[in-house]
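Trainee: May we go through this model together before I return to the bench?
Mentor: Certainly; please bring it up.

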Amino acid sequence: MSDNLTEILALLVVIGIAVQWIGWRLQIPAIILLSLSGLLVGPVFGLFRPSEALGEAYQPLINLAVAAILFEGGLSLHFAELRQAASVVNRLVTIAVALSLALTAAAAHWIGGLSWAVALIFGAIMTVTGPTVILPLLRQARLKRRPASYLKWEGIVNDPIGALLAVVLFDYVTSTGAGPSPLDEALLRMASGVATALFLGGVGGWLLGRAFLSGKVPEYLKGPLALAAAIGVYTLSNLVLHEAGLIAATVLGIVLGNMNLPSIGEIRRFKEYIAILLVSCVFLLLTADLDPQIMAAMDWRSGALVAVVILIVRPLAVWISTIGVGMPWQERALVGWIAPRGVVAAAVAGVFGPALAERGFAGAEQLLPLVFTLILLTVVLHGFSLGWMARRLRLSTQQRGGLIIAGGSAWSNGLAKALHEREVPVIVVDNAWHRLRSARLAGVPVYFGELLSEHAEYALELGAYGTLLAASNNDSYNALVCAHFAPELGTQKVFQLASSETDTAAARRPAPAARGRTAFSSEVQYEDLQRHWYQGWGFHGTRISESFDLKAMHSALPKGAIPLLVISSDKEISLIEANTSLKAAPGQRVLWFGCKNACDDAEPGAAPAGKTADASGDPADG
């Protein structure tokens, strides 16, 4: 092992996370940048070759990282989500896998010139669509929930399935003796390995979840213990059958993720942080370890095989397997095109390619370069095309600049109507039907139910909404909603109204870290907004230009008017935070709440002119 191992590992971590940040800033899939960075570090500039620098630790490190990544993916798989996509997912992990294996093996033999043994193993490896790639891509592509569920479930479930198929086929074609061992022996070994993995993953996950629920594990140990359990069941299952541990780690994550653990949110965030770090390092390791001479040995037949796998086999397998399940053609086209391969495909090929070559199988030396070429091409092609194709097929949330308003009231419904009229995506959420009445009458999208419920998580397409305003009359509830959505939207995008508690109750308020940012003004509370609404105040927009800047706008605003938010030319909004200066560029519009006419003398509680009160007392536009 290299003497400068510490420096190499530190370099991997720094480059990996830096590339993740650059990808976020440039809105480019980070997986693409990670692959390119690995190629530059390894084959292009020759700074180091991971397999030589890490020695015997190279493959075990990758294997353990893959187990942790699949466990994290399993935590994100919810049965409630599966119920909406079960029929399609079942086809994708059964019929589509069989078709993909058969078609890919046939193409590898007849087009690529591989022996049937190598072709079958290549076909098994190509059935996977790695979660190490698809999950980061879904994070950036903003797909609607149903097509995202198809790709996520398929990627996480098919990874261990494809690896196990490759193990069984390798065991079958390389058995010692006069000929291959009977297929039933290979299948029996696979069945025992799968059963062991399901038992260890399922029972281990249930026992761990029960320990969490009974308080036998402190909060700060739950995340690390879950990670240790995933690695443990992965290793134990691999003692029975190589790669069976991938199933065990995935099942452990699925079981824990569906036990409604109170602390599951923290565990998921902990695992997501670890998974991002591991994905970054693993992709750098794999691409930096590529041998340019091996890649250069590919001929036109290899290129033709790669093209057939990407352009014909995958779309055909998906199209045939989803016949009769009521899947729209747009979703079939998207799923048929998007199939990036990832770490598991590379790891399995890295083990079986050299082993088959040592045994003299024709075409075995082509297995590793073929798999890596497909990984690189699918990462680039599908990474750049997923968002564009989803938008063309209307399978993505077109915008992410909209607003979620938690809490229906006269004022918040009025704000939603003002944004809706300006074509800004907005939705009002409340668990009281009557508080949503005026918003519904104005044609504003609403959600009747609890925003923090599991149903809301799957029923709402939240990808179009990049900002949250918690505007109920309960300050603690507002803080809870902001804390819930802060990890997804970002702490700078969750706001709540100023607290309405008295100074004597200030000590009982949630800590600043547990609250959203205070919206608009620290002096304007829920009751103030409601009172002003009933006194005749309304929502008005002022466009900023070169000749009419912010200073001029402030001078022109009526006394007491409250600037609320800024609307950009592409209908994205930026809420104004209390005690911060207002920023708006020419061409943008400032939405403010105030009274253009003399309405301060109106009786509190009286509906302003032009508005009527509904049965709940909330004003509805007349």
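Mentor: We shall take the overall make-up, then the cores, the sheet and the charged pairs.

Trainee: What kind of model is it?
Mentor: It is a predicted model, and every value that we discuss is computed from it.

Trainee: How many helices and strands does the protein have?
Mentor: Its secondary structure comes to 24 helices and 12 strands.

Trainee: What share of the residues counts as buried?
Mentor: Of the 622 residues, 54% count as buried.

Trainee: And the contacts: what part is due to residues 24 or more positions apart?
Mentor: Such residues account for 75% of the contacts with a separation of 6 or more.

Trainee: Let us turn to the interior. How many residues are in the largest nonpolar core?
Mentor: The largest nonpolar core has 129 residues. Those with the most contacts inside it are Ile121, Phe122, Ile125, Leu143, Phe283, Leu367 and Val371.

Trainee: Which helix gives the largest share of this core?
Mentor: That is helix H9, residues 145–173, which supplies 12 residues of the core.

Trainee: Which residues does leucine 367 touch, its close sequence neighbours aside?
Mentor: Beyond the neighbours within four places in sequence, leucine 367 is in contact with Val118, Ile121, Phe122, Ile125, Phe352, Gly353 and Leu356.
Mentor: Another core, of 36 residues, lies apart from the largest one. Among its members are Leu403, Ala471, Leu497 and Tyr534.

Trainee: One helix caught my eye, H12. Where is it, and how far does it reach?
Mentor: Helix H12 covers residues 244–257, 14 residues in all. From its first C-alpha to its last it reaches 20 Å, close to the 20 Å expected at 1.5 Å a residue.

Trainee: Is H12 mostly covered or mostly open, and how many of its residues are buried?
Mentor: H12 is mostly covered, with 13 of its 14 residues buried.

Trainee: Now the sheet. In what order do the strands run?
Mentor: The 6 strands of this open sheet follow the order E3-E2-E1-E4-E5-E6, and their pairing is parallel. Strand E3 (446–448) and strand E6 (517–518) are the edge strands, each of which pairs on one side only.

Trainee: How many bridges join E1 to E4?
Mentor: There are 5 bridges between strand E1, residues 402–406, and strand E4, residues 465–470. Isoleucine 405 stands opposite leucine 469 in E4.

Trainee: On to polar groups. What does the side chain of aspartate 475 contact?
Mentor: The side chain of aspartate 475 makes a polar contact with the side chain of arginine 515, at 2.8 Å. Aspartate 475 is in helix H22, residues 475–489.

Trainee: Why is aspartate 475 called buried?
Mentor: Because its relative accessible area is 8%, and buried means under 20%.

Trainee: How many salt bridges does a search of the whole structure find?
Mentor: The search finds 9 salt bridges. One of them joins the side chains of glutamate 331 and arginine 146, at 2.8 Å from N to O. This pair links distant parts of the chain: glutamate 331 is in helix H16 (residues 329–337) and arginine 146 is in helix H9, 185 residues apart.

Trainee: Are these two buried or exposed?
Mentor: Glutamate 331 counts as buried at 3% relative accessibility, whereas arginine 146 is partly exposed at 36%.

Trainee: Which salt bridge lies within a helix?
Mentor: Lysine 222 and glutamate 219 both lie in helix H11 (residues 219–240), 3 residues apart, about one turn of the helix. Their side chains meet at 2.8 Å, N to O. Lysine 222 is buried at 5% relative accessibility, while glutamate 219 is exposed at 55%.

Trainee: What about glutamate 577?
Mentor: Glutamate 577 forms a salt bridge with arginine 517, with the closest N and O atoms 3.2 Å apart. Glutamate 577 lies in the loop between strand E9 (573–575) and strand E10 (589–594) and arginine 517 lies in strand E6, so the pair ties together parts 60 residues apart in sequence. Both count as partly exposed, glutamate 577 at 24% and arginine 517 at 32%.

Trainee: Last one: where is aspartate 570?
Mentor: Aspartate 570 is in the loop between strand E8 (562–567) and E9, and it counts as partly exposed at 43% relative accessibility. Aspartate 570 and glutamate 423 are 147 residues apart in sequence, yet their C-alpha atoms are 9.7 Å apart in space.

Definitions and conventions:
Residues are numbered from 1 along each chain as its sequence is written. This is a predicted model: local features need pLDDT of at least 70, side-chain atom pairs count only at pLDDT 80 or more; totals for chains, interfaces and linings use all residues. Side-chain values use heavy atoms; hydrogens and water are left out. A nonpolar core is a set of buried Ala, Val, Leu, Ile, Met, Phe, Trp, Tyr and Cys residues joined through side-chain atoms within 4.5 Å. Buried means under 20% relative accessible area, exposed over 50%, partly exposed in between (1.4 Å probe, protein chains only). Helices (H or I, at least four residues) and strands (E, at least two) are DSSP runs, numbered from the N terminus. Contact means heavy atoms within 4.5 Å. Two strands pair if DSSP finds at least two bridges between them. The expected span of a helix is 1.5 Å times one less than its number of residues. A polar contact is a pair of N or O atoms within 3.5 Å; within protein, one must be able to donate a hydrogen and the other to accept it, and residues adjacent in sequence count only if both atoms are side-chain atoms. A salt bridge is a side-chain nitrogen of Lys or Arg within 4 Å of a carboxyl oxygen of Asp or Glu.
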